[in-house]
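Biologist: I'd like to learn how to read an interface between two parts of a chain. Could you walk me through it?

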Amino acid sequence: MIDLGQFEPSRDAALSKLRGVKPSTYGKTRNFLNGKVTKLSPWITHGMLSLKEVAEHGWKTEGIGLEDKLIFELGWREFFQHVHRQVGDNILRDMRPGVWPGKYARELPADFLHGQTGVKPIDWAVRSLYETGYLHNHARMWVASYLVHLRKVSWRSGADWMYGYLLDGDLASNHLSWQWVAGTFSHKPYLFNAENVQKYAPELACKGSVIDTSYDDLEDIARSSKTLQPVGRSVSNEVQEVGEGPGLQSWPMDKDLLNLMGTRKVDAEWCKKWAGKALKLVHPWALREKRVGTYHLGVIAPQFHSKFPWSEKRWAFVLQAMARCCDTIVILDSDNLQNLRMALQNEALVPSSVEIDWTAHPVYCDLHTRLRIRQNPPDLLLPEPKMLQTSFSKFYRKACDMAGSLDDLIDTATT
Ligand SMILES: Cc1cc2nc3c(=O)[nH]c(=O)nc-3n(C[C@H](O)[C@H](O)[C@H](O)COP(=O)(O)OP(=O)(O)OC[C@H]3O[C@@H](n4cnc5c(N)ncnc54)[C@H](O)[C@@H]3O)c2cc1C
């Protein structure tokens, strides 16, 4: 069985983690690598916990409002989702011209992939990501900045790589954050140096390394063809074996996981299971608990996963959670998709109702139109401005004006 460490893929585990969250401590310590961040992101990404529930916990335990740091950070997630909803797959391309017009590499350097760059915070972050499937926000920013600006790797390659290993991998938060660091979704490159690491993660201090330099030097590198190559390290075969990340896979290789997913053929006979009952299609971003009287059909869309492969840990997290909240899981290849569509239109097999929750993830976001079923609206914490907002501060200001107060939002949510 794959070890998921502290991230047990269940709603109970999410609720238990939530009970330990203290917004006041979070606000004071969140920037430090050993600060009291919530580590709720894997459950939030996969729909096991909503932002409203996190906000409500802060409101009930400490009476926090919209100006609180925790709500502000939840706002970043809503902002990225808002942009994804508005511009769709364009989040996967430069949102604006980059900070340097040259060509960035598509391949990630081997020393980086093996955690052997010689820059302690980067090497630690790469290994830690492989091991746990989680990284602190500051470590994510350091990795992205190092790869894009100092090694001249395209943000898209870095983003795809990180997305595959994170248990909380979310295209909007991940790819737009990479663009924010790269300067294609912000007005300047995000840069960090050894002093910054010393302040936020003294245990990873890297005085004397290539990043022990001034911000002016780093800015000059970011805006030119210059790079900072690793010094005096070669990646030996032995080190490669130890440090090399587990591969990313379109499909889980683990036999137990494959069994969870099954290889079921959708046909009319099988679809009788839900005839006359409520049917809910459950995708990987909406893994809520089962509702009594509803048939929960887990769906995996291979076209998405061949484009955005996941680590085995991520597959384990998703499929174990899916096994808990679905009656069956099917792979929606083109045959199964067509058969399911026909079954849903066949009067003898029609469910009493059929629905799927909203997601902006490619392929999954079109399932409701392809199957002609109802899509539930996104479960938002903040009211969403109608027009596209590309600046977080404007988005947040507008959303807060529309909301009034957190009390109003929570009241509305609970009544
Ligand atoms: C390069 C890069 C890649 C990232 N990739 C992802 C990703 O794939 N999925 C993802 O959920 N987040 C991503 N983030 C945002 C952020 O790093 C994580 O949400 C956060 O670190 C998750 O840990 P946590 O739950 O302990 O966060 P906490 O600090 O405890 O925050 C609580 C929740 O607020 C939200 N949140 C907090 N900060 C941010 C932020 N800056 N942007 C968006 N949401 C935020 C998350 O839902 C998080 O779970 C990325 C950031 C960077 C710089």
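**Reading a domain interface**

Modeller: Sure, and keep in mind that this is a predicted model. Let's begin with polar contacts: seven residue pairs, both partners at pLDDT 80 or more, are in polar contact across the interface of domain 2 and domain 3.

Biologist: Which helices supply at least two residues each to the side of domain 2 that touches domain 3?

Modeller: Three helices do that: H7 (120-132), H9 (155-165) and H10 (171-182). H9 gives the largest share of that side, with five residues. Sorted by class, the side of domain 2 that touches domain 3 has six nonpolar, five polar and four charged residues.

Biologist: How many salt bridges does the rule find across the interface of domain 2 and domain 3?

Modeller: The general idea is that side chains of opposite charge can pair when their charged atoms come close. Here, the rule finds zero salt bridges across the interface of domain 2 and domain 3. The overall count by this rule, though, comes to 23 salt bridges.

Biologist: Can you show me one of those?

Modeller: Take glutamate 56 and lysine 60, whose side chains meet in a salt bridge at 3.0 Å, N to O. Both sit in helix H4 (residues 51-62), and because they are four residues apart there, about one helical turn separates them.

Biologist: Back up a bit for me. Where are the domains along the chain?

Modeller: Domain 1 comes in two stretches, 1-92 and 382-415, while domain 2 covers 110-243 and domain 3 covers 255-376. Taken over C-alpha atoms, the centres of domain 2 and domain 3 are 36 Å apart.

Biologist: And how much area is buried between domain 2 and domain 3?

Modeller: About 940 Å², with carbon and sulfur atoms giving 58% of that. On the domain 2 side, Tyr163, Leu167 and Leu171 lose the most area to domain 3, together 53% of what that side buries. In terms of contacts, 15 residues of domain 2 meet eleven residues of domain 3.

Biologist: What feature does UniProt place at residues 72-211?

Modeller: Its unreviewed entry lists "domain: Cryptochrome/DNA photolyase FAD-binding" there. In the model, that span is 55% helix and 0% strand, and its end C-alpha atoms lie 30 Å apart.

How values were computed:
Residues are numbered from 1 along each chain as its sequence is written. This is a predicted model: local features need pLDDT of at least 70, side-chain atom pairs count only at pLDDT 80 or more; totals for chains, interfaces and linings use all residues. Side-chain values use heavy atoms; hydrogens and water are left out. Domain bounds come from an automatic or database domain assignment. Contact means heavy atoms within 4.5 Å. Buried area is the accessible area (1.4 Å probe) that two parts lose on being put together, summed over both. A salt bridge is a side-chain nitrogen of Lys or Arg within 4 Å of a carboxyl oxygen of Asp or Glu. A polar contact is a pair of N or O atoms within 3.5 Å; within protein, one must be able to donate a hydrogen and the other to accept it, and residues adjacent in sequence count only if both atoms are side-chain atoms. Ala, Val, Leu, Ile, Met, Phe, Trp, Tyr, Cys and Pro count as nonpolar, Asp, Glu, Lys and Arg as charged, and the others, Gly among them, as polar. UniProt positions are given in the numbering used here, feature names are shortened, and annotations may be inferred rather than shown by experiment.
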